[in-house]
Protein chains: 2
Amino acid sequence: MEPFVSSFQNKIDKKGRVSVPAAFRTILDRDVQADGVHQVFCYPAIEAPAVECGGVPLLSKIYQLLEDLPPYSEERDVLSTALFGGSLQLKIDSDGRIIIPDEMREHANLTDYVTFVGMGDKFRIWSPELFASYMAEAREKAIEHRKLFGMKYDRK
Amino acid sequence: MEPFVSSFQNKIDKKGRVSVPAAFRTILDRDVQADGVHQVFCYPAIEAPAVECGGVPLLSKIYQLLEDLPPYSEERDVLSTALFGGSLQLKIDSDGRIIIPDEMREHANLTDYVTFVGMGDKFRIWSPELFASYMAEAREKAIEHRKLFGMKYDRK
DNA sequence: TTGACTTCCATAAAATCCCATGATATTCCA
DNA sequence: TGGAATATCATGGGATTTTATGGAAGTCAA
């Protein structure tokens with residue numbers, strides 16, 4: 001499965017439209033509906049002020065994850081509420097753009113520009129400022145990790 | 001697995017294109033996508049002002065590392081942001097050239113010429129000047145190490 | 001009609017394709 | 001073995017396509 005990689009900064013126009021980066025679109029396009037409707041699955045990220053997005057594979061992955069949790073457990077309830085409760089299917093228009101609803105824009109503090117960030121099986125939409133600081137921290141943590149068990153991918 | 005070896009100096013033309021050395025290309029080509037798209041996976045080298053590159057195996061190694069972490073853990077999100085968000089998948093055009101985006105060019109100080117340096121399972125793209133000084137330093141360190149090794153045997 | 005939301009078209013910049021060239025390396029055969 | 005014929009490679013530049021983005025016209029509901 002081809003991953004979402006790299007990050008891109010795009011603009012929200014006055015009608016509220018943003019282009020989904022072409023690279024991400026081609027990944028999402030692989031599971032286009034029979035009716036030819038292009039869509040993204042989105043929900044507010046749990047521990048970050050960003051919108052989390054993915055295609056059908058992500059959706060089934062989440063299903064799977066929830067299935068594996070004991071039914072009626074608190075964890076399952078909380079997760080399924082958080083992930084599915086606030087989730088939306090956004091339509092990608094013929095020019096590759098989406099409109100991010102207000103609730104999500106507020107959650108992620110999105111105003112005029114947004115940054116799309118690839119995370120492998122999903123991607124996030126950030127306000128560029130918030131992303132910059134998150135990324136700075138993420139880099140540091142990644143370096144620490146590398147020291148701990150970076151050998152896994154450093155070796156050979 | 002055939003390793004990336006030796007180094008090559010190529011030019012960045014005014015459109016920003018650089019030829020990936022043919023020797024490296026043939027290694028990368030072994031895992032071409034089904035759709036025939038040739039790509040390189042790149043990210044800023046952590047401990048050096050250079051761009052680090054590899055093929056699909058390098059990418060899957062990272063993917064694997066992340067798969068092993070619990071989904072929806074903060075740890076995993078942070079790492080995948082740093083690793084995937086900070087990486088690039090550069091397309092290799094029909095003439096074997098890539099375009100290195102500005103962020104990377106800045107990180108590695110790339111201007112008109114670049115040096116491709118094989119490192120086994122991956123390779124790096126350096127500014128020729130920075131690479132020369134890095135190389136000189138590496139040599140010195142190697143000599144020192146050698147002296148240390150030597151003492152082991154000399155003493156006795 | 002107004003306002004929200006589409007679908008459709010326009011455009012500029014950037015990416016990509018395609019072909020040409022000179023330089024090197026490789027092959028082939030008398 | 002020499003040396004011409006052939007391939008490969010890095011590089012340049014024009015032509016074409018994609019992409020992001022702007023705006024106009026069309027649709028629908030209140």
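Biologist: I'd like to start with a cavity. How many nonpolar, polar and charged residues does the lining of the second largest cavity have?

Modeller: Happy to begin there, and please keep in mind that this is a predicted model. The lining of the second largest cavity divides by class into six nonpolar, one polar and three charged residues.

Biologist: How many cavities of 30 Å³ or more does the structure hold, and how much space lies in the second largest?

Modeller: There are three cavities of 30 Å³ or more in the structure. The second largest cavity has about 60 Å³ of space. Its lining is made up of Met1(A), Phe4(A), Ile27(A), Leu28(A), Arg30(A), Asp31(A), Gly55(A), Pro57(A), Leu58(A) and Asp121(A). Two elements of chain A, H1 and helix H2 (56-67), give two or more residues to that lining.

Biologist: Let's turn to pockets. How much space lies in the largest pocket, and which residues lie nearest its centre?

Modeller: A pocket is open, whereas a probe cannot get out of a cavity. In this model the largest pocket holds about 620 Å³ of space. Its lining has 25 residues, with Met135(A), Arg139(A), Pro44(B), Ala82(B) and Gly86(B) nearest the centre.

Biologist: Which elements each supply at least two residues of that lining?

Modeller: From chain A there is helix H5 (128-149), and from chain B there are strand S3 (39-44), helix H3 (74-85) and helix H4 (102-108). H5(A) gives the most to the lining of the largest pocket, with seven residues. By class, the lining of this pocket has 16 nonpolar, six polar and three charged residues.

Biologist: Now for DNA strand D. Which residues come nearest to the strand?

Modeller: There are 26 residues around DNA strand D, and Lys11(A), Lys15(A), Lys11(B), Lys14(B) and Lys15(B) come nearest. A class count adds to that picture: the surface near strand D has 16 charged, six nonpolar and four polar residues.

Biologist: What share of the strand D atoms within 4 Å of the protein belongs to sugar or phosphate?

Modeller: Sugar or phosphate accounts for 55% of those atoms, and bases for the rest.

Biologist: And which side chains place an N or O atom 2.9 Å or 2.6 Å from a phosphate oxygen of strand D?

Modeller: The 2.9 Å distance belongs to the side chain of Arg25(A), and the 2.6 Å distance to that of Lys11(B). There is a contact to a base as well: an N or O atom in the side chain of Arg17(B) is 2.8 Å from a base oxygen of strand D. In both chain A and chain B, the elements that give two or more residues to this surface are strand S1 (7-11), strand S2 (17-19) and helix H1 (22-28).

Biologist: How should I read the salt bridges? How many does the structure hold?

Modeller: Start with the total, then look at single pairs. The structure holds 22 salt bridges over all chains. In one of them, the side chains of Arg124(A) and Glu47(A) meet at 3.4 Å, N to O. That pair links distant parts of the chain, 77 residues apart: Arg124(A) is in strand S8 (residues 123-126), and Glu47(A) is in the loop between strand S3 (39-44) and strand S4 (51-54) of chain A.

Biologist: Is Arg124(A) buried or exposed, and why?

Modeller: Arg124(A) counts as buried because its relative accessible area is 0%, and buried means under 20%. Its partner Glu47(A) is partly exposed, at 33%.

Biologist: Which residue meets Glu52(A) in a salt bridge?

Modeller: Lys122(A) does, at 3.0 Å, N to O. Glu52(A) lies in strand S4 and Lys122(A) in the loop between strand S7 (113-118) and S8 of chain A, so this pair ties together parts that are 70 residues apart in sequence. Both of these residues are buried. The two pairs also belong to a wider set, since a network of salt bridges links Glu47(A), Glu52(A), Lys122(A), Arg124(A) and Asp77(B).

Biologist: What about chain B: which residue forms a salt bridge with Glu67(B)?

Modeller: The partner is Arg76(B), with the closest N and O atoms 3.6 Å apart. Arg76(B) is buried at 12% relative accessible area, while Glu67(B) is partly exposed at 34%.

Biologist: One last residue. Where is the place of Glu140(B)?

Modeller: Glu140(B) is in helix H5 (residues 128-154) of chain B. With a relative accessibility of 55%, Glu140(B) counts as exposed. Its C-alpha atom is separated by 19 Å from that of Trp126(B), and the two residues are 14 residues apart along the chain.

Technical notes: Residues are numbered from 1 along each chain as its sequence is written. Chains are lettered from A and ligands numbered from 1 in the order in which they are written. This is a predicted model: local features need pLDDT of at least 70, side-chain atom pairs count only at pLDDT 80 or more; totals for chains, interfaces and linings use all residues. Side-chain values use heavy atoms; hydrogens and water are left out. A residue is near a molecule or strand if one of its heavy atoms lies within 4 Å of it. A polar contact is a pair of N or O atoms within 3.5 Å; within protein, one must be able to donate a hydrogen and the other to accept it, and residues adjacent in sequence count only if both atoms are side-chain atoms. Helices (H or I, at least four residues) and strands (E, at least two) are DSSP runs, numbered from the N terminus. Ala, Val, Leu, Ile, Met, Phe, Trp, Tyr, Cys and Pro count as nonpolar, Asp, Glu, Lys and Arg as charged, and the others, Gly among them, as polar. On a 1 Å grid over the protein atoms alone, a cavity is a set of points where a 1.4 Å probe fits but cannot get out, and a pocket is an open set with protein on both sides within 12 Å along at least five of seven lines; lining residues have an atom within 4 Å of a point. Grid points are joined across faces, edges and corners, and a volume is the space filled by probe spheres set on the points. A salt bridge is a side-chain nitrogen of Lys or Arg within 4 Å of a carboxyl oxygen of Asp or Glu. Buried means under 20% relative accessible area, exposed over 50%, partly exposed in between (1.4 Å probe, protein chains only).
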